Amino acid sequence: MAKDGELDAATREIAEMRAVASGDPAAFAQLIDRESPRLLRFAQGLLGTLEEAEDVVQDTLIRLYENAGSWEPQARIGTWLHRVCYNRSIDKLRRRRAFVEDGVLDEMPDGADLPDSALLRSEAVRSVRDAMERLPHRQRTAVLLFHFQELAQREAAGIMGISEPAFESLLARARRQMRTLLDREGDGDV
Amino acid sequence: MSELQSATLIARLRIYGSDLSRWPDHQQAAREALVAQPDVRRAWESERVLDRAMAAHRDAMDQEIARSDAASGIRRRLLSRIPADPLAGIAWRSVAAAMLVAGMLGGAIDLVLPEPLESTDMAMLDPLDTLDDADTR
């Protein structure tokens, strides 16, 4: 039954991509409306700013449009978009710290100079946001993909280009560090 | 329930959080039963606090995105970049299928209808001849 559902979804997505490839603006608009808010959340979580997230998501959707004509349903559209969005975000993070070797990036805490948002004033929310920004970017990506984007572990691991056990390990370390950071900040009442 | 099962379950809680439906394996009934154990229950509640805090952060991000112009800006910019195609949106497959069906129907009708038994001769009257006859009368 689930497989039938997956087949239906794949068939729908093939038709959707054909419509986009044919230059149908309504089909592309529908796809943008459906995918962009979710991708913006993911990119903002990775990069820390909505402005940069907007650039990355726009580039990601352009890539999808360019690839629509040769679309092969090897992955769901959402998964493919997350992978491209992730790679583009990593490129941006690397450019932001051009003086840091790539291998060191994972160990660096991100988001030291992120602007405050009026909507993130709540103490609890701000604590979580701060804790997430202190996570190394791969741990943060694991949390974002699994808990924020609600992707399955296999899908999330595929997006990051790592094995499922490696993803599980990242997620475990991320949650442990989040708990530690939140406990340290307050009395543990997040 | 053995101590090992309880320890394994707590370890899984630490990795995947309190929402048991998100765990990658499919043993929810067993997990729900285990959550009734006090030590597992404590670990589950502790992870639920973290999960709720993350959910609140996610909701705040979504609200910020919804209030911003980000999504509509992306839509506007991307749609202005794609070339306008006046024929886009026409379901060419449907059009081709309709033409094929019409052709087949025409052929079928031609086969089903009987041939005329004898050919009908048509007399062409030359209107000028008729006029001439009238004039001469």
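Start by selecting Ile82(B), which sits in the loop between helix H4 (70–81) and helix H5 (92–112) of chain B. The model on screen is a predicted one. Is Ile82(B) buried or exposed? Neither label fits: 16 C-beta neighbours lie inside 10 Å, fewer than the 20 needed for buried and above the 12 that would still count as exposed, so Ile82(B) counts as partly exposed. Show the contacts of Ile82(B) next. Leaving aside residues up to four places away in sequence, Ile82(B) touches Gly23(A), Pro25(A), Phe28(A) and Tyr65(A).

**The contact between the chains**

Extend the selection to the whole contact. How many residues does each chain bring to it? Chain A supplies 42 residues and chain B supplies 31 residues. On the side of chain A that touches chain B, the elements giving two or more residues are helix H2 (25–47), helix H3 (50–67), H6, H7 and H9 of chain A. H2(A) gives the most, with twelve residues. Coloured by class, this side of chain A shows 23 nonpolar, ten polar and nine charged residues.

**Chain A as a whole**

Hide chain B for a moment and colour chain A by secondary structure. Nine helices and zero strands appear, and along the sequence the pattern reads α-α-α-α-α-α-α-α-α. Of the 190 residues in chain A, 37% are buried. Among contacts in chain A with a separation of 6 or more, 64% join residues 24 or more positions apart.

**H2(A) and its partners**

Packed helix pairs come next. Two packed helices are described by the angle between their axes and the distance between the axes.

Select H2(A) with H3(A). Their axes come within 8 Å and cross at roughly 135°. An angle of that size lies outside the roughly antiparallel range, which begins over 145 degrees, and above the roughly perpendicular range, which ends at 115; H2(A) and H3(A) are therefore oblique to each other. The crossing is right-handed. From H2(A), the contact takes Phe28(A), Ile32(A), Ser36(A), Leu39(A), Leu40(A), Ala43(A), Gln44(A) and Leu47(A). From H3(A), it takes Leu50(A), Glu52(A), Ala53(A), Glu54(A), Val56(A), Val57(A), Thr60(A), Leu61(A) and Tyr65(A). By class, this contact has twelve nonpolar, three polar and two charged residues. Phe28(A) and Tyr65(A), both part of the contact of H2(A) with H3(A), are also among the residues touched by Ile82(B).

Keep H2(A) and swap H3(A) for helix H4 (residues 77–96) of chain A. The axes of H2(A) and H4(A) are 10 Å apart, at an angle of about 30°. Angles under 35 degrees count as roughly parallel, and H2(A) and H4(A) are therefore roughly parallel to each other. Here too H2(A) makes a right-handed crossing. Glu35(A), Leu39(A), Phe42(A), Ala43(A), Leu46(A) and Leu47(A) are the H2(A) residues that meet H4(A). On the H4(A) side they meet Gly78(A), Leu81(A), His82(A), Cys85(A), Ser89(A), Lys92(A) and Leu93(A). The residues of this contact divide into eight nonpolar, three polar and two charged. Leu39(A), Ala43(A) and Leu47(A) appear in the contact with H4(A) and also in the contact with H3(A).

**H6(A)**

Move to helix H6 (residues 123–134) of chain A. What span should its twelve residues have? At 1.5 Å a residue the expected value is 16 Å, and the end C-alpha atoms are 17 Å apart, which agrees. Buried residues in H6(A) are Val125(A), Ser127(A), Val128(A), Arg129(A), Ala131(A) and Met132(A). Bring chain B back to see what covers them: the cover includes helix H7 (137–148) and helix H9 (164–185) of chain A, and helix H3 (38–67) of chain B.

**H7(A) and H8(A)**

The last stop is H7(A). Eleven of its twelve residues are buried, including Arg140(A), His147(A) and Phe148(A). Just after H7(A), Glu150(A) has a positive phi of about 55°.

Add helix H8 (residues 153–160) of chain A. The axes of H7(A) and H8(A) come within 9 Å and cross at roughly 140°, and the two helices are therefore oblique to each other. H7(A) passes H8(A) in a right-handed crossing. Thr141(A), Ala142(A), Leu145(A) and Phe146(A) of H7(A) meet Gln153(A), Ala156(A), Ile159(A) and Met160(A) of H8(A). Six of the residues in this contact are nonpolar, two are polar and none is charged.

Terms used
Residues are numbered from 1 along each chain as its sequence is written. Chains are lettered from A and ligands numbered from 1 in the order in which they are written. This is a predicted model: local features need pLDDT of at least 70, side-chain atom pairs count only at pLDDT 80 or more; totals for chains, interfaces and linings use all residues. Helices (H or I, at least four residues) and strands (E, at least two) are DSSP runs, numbered from the N terminus. The expected span of a helix is 1.5 Å times one less than its number of residues. Two residues are in contact if their C-beta atoms, placed from the backbone, lie within 7 Å. Ala, Val, Leu, Ile, Met, Phe, Trp, Tyr, Cys and Pro count as nonpolar, Asp, Glu, Lys and Arg as charged, and the others, Gly among them, as polar. Axes are lines fitted to C-alpha atoms, for helices over the stretch in contact, and angles run from 0 to 180 degrees between N-to-C directions. Angles under 35 degrees count as roughly parallel, over 145 as roughly antiparallel, 65 to 115 as roughly perpendicular and the rest as oblique. A crossing is left-handed if the near helix is turned anticlockwise from the far one by less than a right angle, and right-handed if clockwise.
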